[in-house]
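Work through the exercises below with the sequence and the structure side by side, and try each task before reading its solution.

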Amino acid sequence: MSLAQSQTTTVTALQNAPASPLPQIMIVPKQTAEPLHLADFIHHSIITRPPDLQGDIEVEAKIGVLKDRGTGNRLQLPVLVETILTSKAAGCHFESNMTGMQHKHFNMLLNNLKESSDKPGYHSSPIAYTHSHLVDSFYASENPRSRENIRVTRDDKTGEVLATVKKVRLGNLDVYNPKRAADWRISVNVEVPVPHPLGSPTHTRRKDRISYSHEEFVIDLTQVASSGGPGSQPELLHELELEFANPRLLAAAAAKRGDESSPEPERFMFDELIRVFVNNARILARNSAEGWQ
């Protein structure tokens with residue numbers, strides 16, 4: 001099937017698909033990686049975080065490839081289906097950078113979905129579209145034993161500071177996808193608000209980002225120019241990630257998961273959110289064209 005035919009098939013299926021209790025942005029693929037296991041991992045990461053670690057929970061799925069540390073090539077495992085790797089899997093690392101052609105491919109696919117969602121009779125709520133230009137400046141932590149940098153995000157056009165945070169990682173899980181061109185990684189973090197740091201940044205990232213928002217989720221397609229400091233050549237990267245639009249809703253749903261004193265819809269809201277999140281991540285990987293880096 002050609003790329004154009006694949007995109008047409010996806011959009012047509014979306015238009016004909018029945019609505020679900022919490023509809024995802026794209027057609028639901030066949031179940032492979034177990035959403036319940038991923039829900040358990042994300043839930044455990046959220047509820048076991050240190051009580052003094054206050055901030056917004058960030059759960060994101062990045063599309064990329066798992067590479068063998070020894071050869072630098074795509075990881076090859078003796079499995080036939082989508083497989084969740086342990087968080088301490090040795091011998092491989094995850095790379096989220098993709099080629100310019102991949103970026104163009106996803107831009108076309110997501111733009112087609114956006115246009116379809118604006119038409120009468122679309123099966124779900126419309127997809128919102130925003131285009132932003134941001135600059136992330138990174139500063140070393142004042143605590144020499146801390147591994148987390150401080151990130152200051154500004155609007156590239158106005159200079160307005162949008163966020164000053166320290167991103168603390170709670171955990172990652174990688175999903176290996178032998179039948180597709182790409183794998184994906186789930187990351188759970190806490191973004192802790194901090195005062196603006198002193199001194200000069202260690203490096204910067206200029207981001208040209210297109211965001212597609214649907215229900216409780218946002219897909220970010222970003223071109224990043226990363227600079228390591230004065231005199232260094234900027235590195236051009238392309239990234240695709242999916243995240244929750246409302247971190248506080250996710251945290252509240254996690255707190256009520258399995259709570260028998262809560263109404264049934266609230267007890268199961270977390271698992272429903274994760275189910276749709278996983279389906280969206282899986283279908284993004286499924287629609288990856290060949291030629292991933």
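**Exercise 1. The chain as a whole**

How many helices and how many strands does the chain have? State also how much of the chain is buried.

Solution. The model is a predicted one, and a count along its chain gives 5 helices and 10 strands. Of the 293 residues in the chain, 44% are buried. Turning to the surface, the chain exposes about 15,100 Å², of which carbon and sulfur atoms supply 52%. Among contacts with a separation of 6 or more, 69% are made by residues 24 or more positions apart.

**Exercise 2. Helix H2**

Find the span of H2 and say what covers its buried residues.

Solution. Begin with the length: H2 runs over residues 35-47, which is 13 residues, and its first and last C-alpha atoms are 18 Å apart, close to the 18 Å expected at 1.5 Å a residue. Next, list the buried positions, which are Pro 35, Leu 38, Ala 39, Phe 41, Ile 42, His 43, Ser 45 and Ile 46. Finally, look for the cover over these buried residues, which includes strands S1 (56-68), S2 (83-84), S6 (161-176) and S7 (183-193), together with helices H4 (247-256) and H5 (264-286).

**Exercise 3. Helix H4**

Which residues of H4 are buried, and which are exposed on its other side?

Solution. The buried residues of H4 are Leu 250, Ala 253 and Ala 254. They cover an arc of only 105° around the axis, and therefore lie on the same side of H4. In general, an α-helix has 3.6 residues a turn, so residues three or four places apart point the same way. On the other side of H4, Arg 248 and Ala 255 are exposed. The cover over the buried residues of H4 includes H2, S1, S10 and H5. After H4 comes Gly 258, which has a positive phi near 75°.

**Exercise 4. Two glutamates**

Is Glu 241 buried or exposed? Describe the setting of Glu 215 as well.

Solution. Glu 241 is placed in strand S10, residues 235-244. Because its relative accessibility is 8%, Glu 241 counts as buried, the cut-off being under 20%. Apart from neighbours within four places in sequence, Glu 241 has contacts with Glu 60, Ala 61, Lys 62, Arg 209, Val 218, Ile 219 and Asp 220.

Glu 215, by contrast in setting, is found in the loop between strand S8 (203-214) and strand S9 (217-227), and with a relative accessible area of 36% it is partly exposed. The phi of Glu 215 is positive, near 55°, although the residue is not a glycine. Most residues other than glycine have a negative phi.

Terms used
Residues are numbered from 1 along each chain as its sequence is written. This is a predicted model: local features need pLDDT of at least 70, side-chain atom pairs count only at pLDDT 80 or more; totals for chains, interfaces and linings use all residues. Side-chain values use heavy atoms; hydrogens and water are left out. Helices (H or I, at least four residues) and strands (E, at least two) are DSSP runs, numbered from the N terminus. Buried means under 20% relative accessible area, exposed over 50%, partly exposed in between (1.4 Å probe, protein chains only). Contact means heavy atoms within 4.5 Å. Accessible areas come from the Shrake-Rupley method with a 1.4 Å probe; for residues, only the protein chains shown count as cover. The expected span of a helix is 1.5 Å times one less than its number of residues. The arc is that of the directions from the helix axis to the C-beta atoms.
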